[in-house]
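Work through the exercises below with the sequence and the structure open. Each task is followed by a solution in steps.

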Amino acid sequence: MNKLNTNDFGGSNFAGNDLQTDAERAGKSAEAIGKLKTSAAETATNLKNAAASVSTDAKDYAGSVAADAAGAFKEAVESNKTAGADAIANIAHSVKEAADGIEKQSPQVAGMVRSAAEGVERISTDIRDRNVGELFDSVTKFAQRQPAAFFGVGILAGVMLTRIMRSSDRS
């Protein structure tokens with residue numbers, strides 16, 4: 001006749017369904033937490049890899065910029081070195097002309113001036129023929145051997161450059 005429905009008893013099976021639902025929810029929560037942990041670990045790994053990649057790219061870029069700057073600096077130094085050697089050669093030529101002008105009045109002084117001009121020409125040729133590193137080494141060695149002469153030449157060069165700059169400003 002009438003079949004008994006266990007749901008009609010307000011009883012144990014209804015509570016059992018609630019327990020089963022809670023158990024299912026707990027299982028699903030544990031599964032979600034596991035997925036979240038896995039996802040967080042994968043995200044952390046991806047972030048580490050991205051940071052390493054960015055770091056490598058930044059290092060490569062910095063190295064490239066430094067190499068470009070070093071090349072530009074070397075080119076500028078070489079250009080100025082050649083211009084300086086030309087200026088020194090012009091000074092030597094002017095000194096030789098001055099020696100020619102005083103030859104009749106004082107041949108001995110003219111000879112000393114000519115000798116000094118030839119020394120200046122040798123310096124000009126030496127500057128023109130060497131690279132910047134070799135010149136720096138030569139100057140360093142000279143400064144170590146003859147510190148007083150090195151500072152004297154530096155002061156003399158500074159005075160001469162100042163006078164040249166002032167005379168070019170007036171023109």
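**Exercise 1. A salt bridge between two helices**

Task: In this predicted model, find the partner with which Glu 121 forms a salt bridge, and place both residues in their helices.

Solution:
- Step 1. The partner is Lys 96, and the closest N and O atoms of the pair are 2.7 Å apart.
- Step 2. Glu 121 lies in helix α2 (residues 107-129) and Lys 96 in helix α1 (residues 12-102). With their positions 25 residues apart, the pair links distant parts of the chain.
- Step 3. Partly exposed residues fall between the cut-offs of 20% and 50% relative accessible area. Glu 121, at 29%, is therefore partly exposed, and Lys 96, at 24%, is partly exposed.

**Exercise 2. Arg 114 and its partner**

Task: Identify the salt bridge of Arg 114 with an Asp, and state which helices the pair links.

Solution:
- Step 1. Arg 114 pairs with Asp 100, with the closest N and O atoms 2.7 Å apart.
- Step 2. Arg 114 belongs to helix α2 and Asp 100 to helix α1. The two residues are 14 residues apart and link distant parts of the chain.
- Step 3. Arg 114 has a relative accessible area of 24% and is partly exposed; Asp 100, at 48%, is also partly exposed.

**Exercise 3. Arg 130, a network and the total**

Task: Describe the salt bridge of Arg 130, then name the residues joined into one network by shared partners, and give the count of salt bridges.

Solution:
- Step 1. Arg 130 forms a salt bridge with Asp 126, and their closest N and O atoms are 2.9 Å apart.
- Step 2. Arg 130 is partly exposed at 27% relative accessible area, and Asp 126 is partly exposed at 35%.
- Step 3. Elsewhere, Asp 100, Glu 103 and Arg 114 are joined into one network by salt bridges that share partners.
- Step 4. The count comes to six salt bridges.

**Exercise 4. How α3 meets α4**

Task: Classify the orientation of helices α3 and α4 from the angle between their axes, and sort the contact residues by type.

Solution:
- Step 1. The axes of α3 (residues 132-145) and α4 (residues 147-170) come within 5 Å and cross at roughly 120°.
- Step 2. Roughly perpendicular covers 65 to 115 degrees and roughly antiparallel begins over 145. The two helices are therefore oblique to each other.
- Step 3. From α3, the contact is made by Val 139, Phe 142, Ala 143, Gln 144 and Arg 145. From α4, Pro 147, Ala 149 and Phe 150 take part.
- Step 4. These contact residues divide into six nonpolar, one polar and one charged.

Notes
Residues numbered from 1 in each chain as written. Predicted model: local features only at pLDDT ≥ 70, side-chain atom pairs only at ≥ 80, totals over all residues. Heavy atoms only, no water. Axes fitted to C-alpha atoms, helices over the stretch in contact; angles between N-to-C directions. Helix = DSSP H or I, 4+ residues; strand = E, 2+ residues; numbered from the N terminus. Parallel < 35°, antiparallel > 145°, perpendicular 65-115°, else oblique. Contact = heavy atoms within 4.5 Å. Nonpolar A, V, L, I, M, F, W, Y, C, P; charged D, E, K, R; others polar. Salt bridge = Lys/Arg side-chain N within 4 Å of Asp/Glu carboxyl O. Buried < 20%, exposed > 50% of the residue type's maximum accessible area, 1.4 Å probe, protein only.
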